[in-house]
Structures are given as structure tokens and as C-alpha cells.
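Here is a short note for a colleague who has not looked at this structure before. Please read it with the model open.

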Amino acid sequence: MKRRLPWWLGGILMALLLLFTFSIFGANRPLGASTYVPYFAGVLFNMDPQEYVYLQHVKNPGAWEGVMLLGALVGGFLTAVFVTKSFRFSVMPTAWKAYKNSSVLSRLVWSFVAGFFLIIGARLAGGCTSGHFLSGMSQTAFSSMIFGGVVLVSLIITGKFFYKGDAK
Amino acid sequence: MSLTERIMDMFNIVANEGHGSIAVVFLIGILFGGIIQYTRVDKFEKIAGFAMLKDTTVPKMLFLAIGIASIALFFEVKLGYASYHIKPMIVSGLVVGGILFGASMAILGKCPGTGPISIAEGRIDVLVGAIGGIFGGYIFTKYYDSFFKPLMGESYGKETLLNTLGDHASWFVFLFGIALIIIAIKIPHIELLDEADLSKLTEEERTEIEANKKFEIIK
């Protein structure tokens, strides 16, 4: 059994999943994966929707994505354990060690900070890689094309200046 | 409401919302997680590697998926099996959000969809990133009215190629889709691989990668 799917097969399968999610046989809505975060924050911090209006906006899509993400955790775990055999505990990505530094503390602090701003950014724009790139651009939405263009530029500029050019 | 009640509430909302049963939504999640894990595009080396322009697997897969889906979705909607759900053009929100999102994605090496899948395969650093994300969600929710909503600016509508280009719009959708598929194929496939995962591949898969020659292995 193959341990890894080629990019083109992954792209075709992802397109089919997207079409299924959009269709009335599936969920009749786009695929998204960042609204669940403020929704979970509301649940975990026991925030009152009466007081925080944003929780009312994200109530339905947040719950939908919450259930979807639980499925993704299960699907990811099962595939990692039984198919790709890639399940292992680690705190340090190999490429971080090669192109940034070998400090675990540095990796964890940067992870926390980047995780924080990743969600702030996604919520400001109203979507992420799934909601804007995959779902939005498939609908030829201008909002998603603007987001996609800005993200690509910001991603590559950060990649250039944040990491070292040569592996140590 | 208690935590348990709020979690039960999540399932109740999905059960009553009419966007697929709990089982269908959960299945969509399983497939989403499975496809991303199986293609290994949730790896730091794939996403941060793309930011460093050392790995092009993510843009190739993403552009191909969008190219195919944009053309197929057009027909799906035409036949009445789906409808469009467009996000508004909140220009400053999109630009400021996009800058923060792109920079964070390069540093964390994940996005909000791939992150949980990495956690499911045992990546503790991403779990720490997710805790940061939950705090981000908390702060955003808390200061939405006073700070973030004004920052997002006003919406310039929900425009798309389809509703702005008039009679011939459908041709532009095909052009858009085909252009993305061609771009996906034409981007040279370079890879940044770590030995820990490379060692899990079958002999045949390793030979395939080595035949490609455009790759870099790190330990």
C-alpha cells in the first residue's frame, strides 16, 4: 500500500470533497476551517453570547466546523497510524532545526505567537486556506482572490526573512 | 451553560441546521483529515518549506483542487445541486488579515485546517500553536465590536467573476479554472523532505522521489 498520495491525486480528491460539501447531497455549504476556533474559545472560556456579539455570528458555522474538525482529528489520526505510519510525538520540526535553530523553547514560543496571529488574521479576513482559498476561489470570489494574493506574498516574504537560506 | 451542555449544544446545532446530518459532517471531516494526512501536506516541511520556496507540493495540490472545483462547481450550481456562498469584500480586513495569516502560516508551518491534523499525528509544537490560536479566538471575540470590526472596514459587496463579467462570464470561469490547472501542472515539483518521514515510504516511492532529483533531504 502506498504510504503517500501524489499531489495530483490529493488535489483531485480534495476537489471532489469540496464539490460534495457544496452539494445538497452533502452539506449545501462551503468547506471552512477557522470559524470553529472562536467558537471553541467561547465554549472553553464559557463566554456569554448575549455579551459577545461575535459568538452569535459564528454560532452555526462554528458548530458545523467543530463537528467537521472532530472528524478531521479522527481521520488524520487513523491515517497517520494505519496508512502513512507517521504518528510520533515530536516538538521540533526537522526543517525548523535545519533552517531556524535547535531551541525547543524558541519553537514553542513562536508556535504560540504564530498560532495566535494565524487566527486573528483568519477572522479579520473571514476565512482561511479552506474557506478562502479552496471554497472561495472555487467560486471565483474577488474577496478570496485578494486574500489569496496577500497571503502568498506575506508567506513568501516571511519565509525569506524568518529562516536562514542554507541548512546548517 | 456548563461545558458539557455547550458541547451537546454544538451537536444539536448541526443536527437541526440542515447542512448535513452529524454523520455526514463528521464524514466530511474524516475525509478532509485523511486526504491531508495521506498527501502529507500538513507537514512543516511542506508549508514552511513552501514559504522558503523549497517545496511546491502545497501550491500544486491547492491550485489543482481549485481549478477542478471552480469548473465543476459552476455546473453543479447550474444543475441546481449547489449554490454559491460568497464572502464579502471587506478590503482592509482581507489585506491586514492576509498579511498576519501569511506570516503566521510561514512561522507555524500550519494553517487552521492542517494544524489539527498535525496534532492528531503527535506534533506537540502545533498543539501549543493551537492553544495560541484559541487565545487568538478569545481576544478576537472579546474585542470584536470595539477593535476588530472597525479594523475590518466596510464591505464592497460579494462580487465574483461570474456576476461581474456579464453574458460571457461562464467562459471566464472556464478560463480561470483551466489556467489554475495549467499553473498547478507547470509549477516545477520541488520537495523538502525529512529523513524521519522518508524512511516510512516504500522502496518504490523512495526511488520515485530520487528519480525526480529536485529535492532536498534534511536530518
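The points below go from the chains to their contact and then to single elements.

1. Status. This is a predicted model. Every value in this note is computed from it.

2. Chain A. Chain A has 7 helices and 0 strands. From the N terminus on, its elements therefore read α-α-α-α-α-α-α, each helix being a DSSP run. Its C-alpha atoms fill a box of roughly 50 × 45 × 35 Å along the principal axes. The chain has 168 residues, and 61% of them count as buried. Take the contacts in chain A with a separation of 6 or more: residues 24 or more positions apart account for 54% of them.

3. Chain B. This chain holds 12 helices and 2 strands. The order from the N terminus is α-α-α-α-α-α-α-α-α-α-β-α-α-β. Its C-alpha trace spans about 55 × 50 × 35 Å along the principal axes. Of its 219 residues, 50% are buried. Among contacts in chain B with a separation of 6 or more, 62% join residues 24 or more positions apart.

4. The contact between the chains. How many residues does each chain give to the contact? Chain B gives 124 residues and chain A gives 122 residues. On the side of chain B that touches chain A, 79 residues are nonpolar, 27 are polar and 18 are charged.

5. The core. The largest nonpolar core has 120 residues. Which residues have the most contacts inside it? They are A:Leu18, A:Val67, B:Ala65 and B:Ile66. Look at B:Ala65 in particular. Neighbours within four places in sequence aside, B:Ala65 is in contact with A:Gly11, A:Met14, A:Ala15, A:Leu18 and A:Leu134.

6. A helix pair across the chains. Helix 2 of chain A covers residues 36–44, and helix 7 of chain B covers residues 124–142. Their axes come within 8 Å and cross at roughly 85°. An angle of 65 to 115 degrees counts as roughly perpendicular, so that is how these two helices lie to each other. Chain A brings A:Val37, A:Pro38, A:Phe40, A:Ala41, A:Gly42 and A:Leu44 to this contact. Chain B brings B:Gly133, B:Ile134, B:Gly137, B:Tyr138, B:Phe140 and B:Thr141. The residues of this helix contact divide into 8 nonpolar, 4 polar and no charged.

7. Helix 3 of chain B. Is this helix, residues 44–51, mostly covered or mostly open? It is mostly covered, with 8 of its 8 residues buried. These are B:Phe44, B:Glu45, B:Lys46, B:Ile47, B:Ala48, B:Gly49, B:Phe50 and B:Ala51. In chain A, the buried residues of helix 3 of chain B pack against helix 4 (94–99) and helix 7 (142–162). In chain B, they pack against helix 4 (57–78), helix 5 (91–108), helix 6 (114–120) and strand 1 (191–194). After helix 3 of chain B comes B:Leu53, whose phi is positive, near 55°.

8. B:Gln37. Where is B:Gln37 found? B:Gln37 is in helix 2 (residues 22–39) of chain B. Why does B:Gln37 count as buried? It has 30 C-beta neighbours inside 10 Å, and 20 or more make a residue buried. Leaving out residues up to four places away in sequence, B:Gln37 touches A:Gly76, A:Thr79, A:Ala80 and A:Thr84 in chain A. In chain B, B:Gln37 touches B:Asp42, B:Ile117 and B:Glu121. B:Phe101 is 64 residues from B:Gln37 along the chain, and their C-alpha atoms are separated by 22 Å.

Methods: Residues are numbered from 1 along each chain as its sequence is written. Chains are lettered from A and ligands numbered from 1 in the order in which they are written. This is a predicted model: local features need pLDDT of at least 70, side-chain atom pairs count only at pLDDT 80 or more; totals for chains, interfaces and linings use all residues. Two residues are in contact if their C-beta atoms, placed from the backbone, lie within 7 Å. Ala, Val, Leu, Ile, Met, Phe, Trp, Tyr, Cys and Pro count as nonpolar, Asp, Glu, Lys and Arg as charged, and the others, Gly among them, as polar. A nonpolar core is a set of buried Ala, Val, Leu, Ile, Met, Phe, Trp, Tyr and Cys residues joined through C-beta atoms within 7 Å. A residue is buried if 20 or more other C-beta atoms lie within 10 Å of its own, exposed if 12 or fewer, and partly exposed in between; C-beta atoms are placed from the backbone. Helices (H or I, at least four residues) and strands (E, at least two) are DSSP runs, numbered from the N terminus. Axes are lines fitted to C-alpha atoms, for helices over the stretch in contact, and angles run from 0 to 180 degrees between N-to-C directions. Angles under 35 degrees count as roughly parallel, over 145 as roughly antiparallel, 65 to 115 as roughly perpendicular and the rest as oblique.
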